[in-house]
Amino acid sequence: MKKVLLSFIAIFVFVQMFGQGNKEVKPVYREVSGLEVIQTVYPSAVAVEKVNNVWFKIVDSGKKILGYTLSSKPYSEGIKGYHNTTPVIIVLDPQKVIQKIALLSNWETAGYIRKLERQNYFNSWNGLKCNEAASKKASADSYTGATISANAITKNIEIVLKKAAENKL
């Protein structure tokens, strides 16, 4: 029994030291279309049209305004997550209430982003108007295992909401 236990411990230590769990995770670029994100909220959306430097209107095939969207992409260059920039898209209804926040194309580790999704990180702003969302402070420290990504995403959300307030519709 003692030999079996020692063998098991030796195998466990060997796997931990030399197994796949110890290899560095290489980032993989995940391309995300802003329109595809928008269509998860507004399936009939066919286009996004620029209103000003920050605001874009979401329209259907008859040019009816379905809602609005904001993107942090032009402002996110210096905001780095674990691997690189973490631009976000914010989808709002016609009353400018947040319906969805999602990452755009990024290099973040998919497992950590899924962890944030499971912890409802991206949903924490849903149902808030822009001014309410701008004053909300999501505690990135509470998102264990993805703090660096969460901090960068939060900064992106804050900066695009600030720009939206400065460039009203």
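Reader: In which strand does V59 lie?

Author: V59 lies in strand β2, and, before we go further, please keep in mind that the model we are reading is a predicted one.

Reader: How should I decide whether V59 counts as buried or exposed?

Author: The general idea is to look at relative accessible area, for which buried means under 20%. Because V59 has a relative accessibility of 1%, this residue counts as buried.

Reader: Which residues is V59 in contact with, once its neighbours within four places in sequence are left aside?

Author: With those neighbours set aside, V59 is in contact with S44, A45, V46, A47 and E49, and also with K64, I65 and L66. For S44, which is 15 residues from V59 along the chain, the C-alpha separation from V59 is 8.2 Å.

Reader: How do β1 and β2 run, and how many bridges join them?

Author: Here one follows the bridges between strands: β1 and β2, the latter spanning residues 55-59, run antiparallel and are joined by four bridges. One pair to locate is V48 with its bridge partner I58 in β2. The two strands form a hairpin, with four residues between them.

Reader: In what order do the strands of the sheet stand?

Author: The sheet is open and consists of five strands in the order β1-β2-β3-β4-β5, with antiparallel pairing. Its edges are β1 (47-50) and β5 (98-103), each of which pairs on one side only. On average, and with direction ignored, neighbouring strands are turned by 25° against each other.

Reader: Which helices should I look for against this sheet?

Author: Helix α2, residues 34-41, lies across β1, β2, β3 (65-71), β4 (88-92) and β5, and runs at about 35° to β4. Helix α5, residues 147-166, packs on the sheet and touches β2, β3, β4 and β5, its direction making about 50° with that of β4.

Reader: What is the general idea behind a nonpolar core, and which residues have the most contacts inside the largest one?

Author: In soluble globular proteins, nonpolar side chains tend to be buried together. In this model the largest nonpolar core has 24 residues, and those with the most contacts inside it are L70, I90 and I153. The elements giving two or more residues to this core are β3, β4, β5, α3 (110-118), α4 (130-135) and α5, and α5 gives the most, with six residues.

Reader: What does I153 touch beyond four places away in sequence?

Author: On that count I153 touches T86, V88, L103, I113, L116, Y121 and F122. There is also a second, separate core of eleven residues, which includes Y42, A45, V91 and A102.

Terms used: Residues numbered from 1 in each chain as written. Predicted model: local features only at pLDDT ≥ 70, side-chain atom pairs only at ≥ 80, totals over all residues. Heavy atoms only, no water. Pairing = 2+ DSSP bridges. Axes fitted to C-alpha atoms, helices over the stretch in contact; angles between N-to-C directions. Contact = heavy atoms within 4.5 Å. Core = buried A, V, L, I, M, F, W, Y, C linked by side-chain atoms within 4.5 Å. Buried < 20%, exposed > 50% of the residue type's maximum accessible area, 1.4 Å probe, protein only.
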